[in-house]
Amino acid sequence: MYALVDCNNFYVSCERVFNPALERKPVVVLSNNDGCIIARSNEAKSLGIPMGAPMFKYKDLLLKNNVMIYSSNYTLYGDMSSRVMNCLKHFTPEVEVYSIDEAFLCIKGINGDPLFKEMQKIKSFVFQWTGIPVSIGIAKTKTLAKLANRIAKKKTKDGIYIISNNHTELEYILKNIRVEDIWGISKKWGARLHSLGIFTGLQLKQSDPRKIKQCLSVVGERIVRELTGVSCIPLEVTQPRKSIMVSRSFGSMISDIDNLKEAISNHVVVAASKLRSQSSLCNSICIFIQTNRFHIQEPQYKTAKEILFSEPTQNTLELLKASDKALKLIYKPKFRYHKAGVILSQLIVKTDNKMISVKAEEQFSIQTDLFSSTFTNKKKQYRRDKFIDAIDGINSKLGKGSVIYGAQGIQKKLKKTTDLKSDWQMKSYYRSPAYTTRWDELLKVS
DNA sequence: TCTGGGGTCCTAGGACCC
DNA sequence: TCTGGGGTCCTAGGACCC
């Protein structure tokens, strides 16, 4: 059996752990740049605030109802997430961390009442150690476990629901769910199924998988089989990322290339550090810039440039150099830009090779460049990598941003202030402290 | 005024190979 | 008049997820 453990209103719950006065009050959490509403407490949901709603359209409603507003605080949510996942690993090693607030568990050898009791144990353990409430759905396949979780959240008191092998129970559940609410089927595919006369989960379950394959590819076929109780989507252990993206909308519009370069350089530094933290190297970097698609009266420009490396790298300096080159190739001065980002792709990861070897080529199975791998280049590269190590070392000892690259912008450093915000930096008016990850932001109790 | 960010997988079609 | 058959790899675009 698979269990899906899903944190209730996760971001809101994280805020509530450190501010219990938020209990039973309407709370929302905003996306980056304070743009959209991406998490709502149950009280906020019942005010009719939809998921993903632009904040400016709902500001009046929020104020009128005394809704507490928070900017996203991913440092806090990420840390709380890993605490929750660690709790789950306490019960079984077979945990798939599916997203920041969800995990699939493989459950073997327990059934019926003992299974329910075990799930209650998990729930209260997670709550005791993190303060985060979770719901649990259990079934024979991941797709059905998702469904069970939905029922656990909406229809049960204790937040646990098990879809047993009872045939009529499953039929009843599937009859009462729309196809577009099934995991893996969204609006577009839902519409395609409608045109075949399929509207409910039960109708989808009873269709010919081969016919669904023609319509929704093998992905759709798998969903049909999963609904019948045949597991087609296995539990996956956490794999290193295959691509890394860092992008942000700007706090205000930007036209000049220096500002853009500063924004992109900061994204590159973050992306490079993510890359190194999962012990990968990238073969390609892509940067993109775009105007505001909602300003339809303004001229629009959206473009990207990818640069391939002759040898895979994880070196911030090389990535910065490439990103600068790419930006110069696509930048056009006449536009007002709204967003920029960087994507590292074609990542390679350390091989499983247990041999004790310090040569990067062997650790990563690197294809070296026939024309540049001369001795002097190797030496240069070695020194550059040591340089990055030193910077990482200082920043991890003295705090993030203690040493920065010139391309990231030196205005703030010169004025010795952190209040000064560049145009590109995102808005974040309602951010709570990084309670669990910064000594100077620990919760004070008086 | 104001509209997020970060991923994965699959397929079709083009390019190449013998 | 008439020009094969069987593969692999790569990429862009589209779909989905949270």
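In this predicted model, a sugar or linking oxygen of DNA strand C sits 3.5 Å from an N or O atom in the side chain of Ser99, and this contact is a convenient place to begin a walk along the protein surface that faces the DNA. Ser99 is not alone there, for 13 residues surround DNA strand C, and those that come nearest are Glu102, Lys146, Gly184, Ser186 and Trp189.

Two further contacts on this strand involve phosphate oxygens. One such oxygen of DNA strand C lies 3.2 Å from an N or O atom in the side chain of Lys188, whereas at Trp189 it is a polar backbone atom that is found 2.9 Å from a phosphate oxygen of DNA strand C. The contacts with sugar and phosphate fit a wider count, in which 100% of the atoms of DNA strand C within 4 Å of the protein belong to sugar or phosphate.

It helps to ask next which elements of the fold supply this surface. Strand S6, which covers 95–99, and helix H8, which covers 187–195, each give at least two residues to the surface near DNA strand C, and the largest share, three residues, comes from H8. Sorted by class, the surface near DNA strand C holds five nonpolar, three polar and five charged residues.

We can now turn to the other strand. Around DNA strand B there are 25 residues, of which Arg222, Met245, Ser247, Arg248 and Ser249 come nearest. Where on DNA strand B do the atoms within 4 Å of the protein belong, to sugar or phosphate or to bases? Of these atoms, 78% belong to sugar or phosphate, and the rest belong to bases.

Single contacts with DNA strand B can be followed in the same manner. A sugar or linking oxygen of DNA strand B is 2.8 Å from a polar side-chain atom of Ser31, while the side chain of Arg248 places an N or O atom 3.0 Å from a phosphate oxygen of this strand. Lys339 also takes part, with a polar side-chain atom that lies 3.1 Å from a phosphate oxygen of DNA strand B.

The surface near DNA strand B draws on helix H10 (209–227), strand S10 (244–254) and strand S13 (337–349), each of which supplies at least two residues. Strand S10 provides the largest share of this surface, with six residues. By class, the residues of the surface near DNA strand B are nine nonpolar, 10 polar and six charged.

Definitions and conventions
Residues numbered from 1 in each chain as written. Chains lettered and ligands numbered in written order. Predicted model: local features only at pLDDT ≥ 70, side-chain atom pairs only at ≥ 80, totals over all residues. Heavy atoms only, no water. Near = heavy atom within 4 Å. Polar contact = N/O pair within 3.5 Å; in protein donor to acceptor, adjacent residues only side chain to side chain. Helix = DSSP H or I, 4+ residues; strand = E, 2+ residues; numbered from the N terminus. Nonpolar A, V, L, I, M, F, W, Y, C, P; charged D, E, K, R; others polar.
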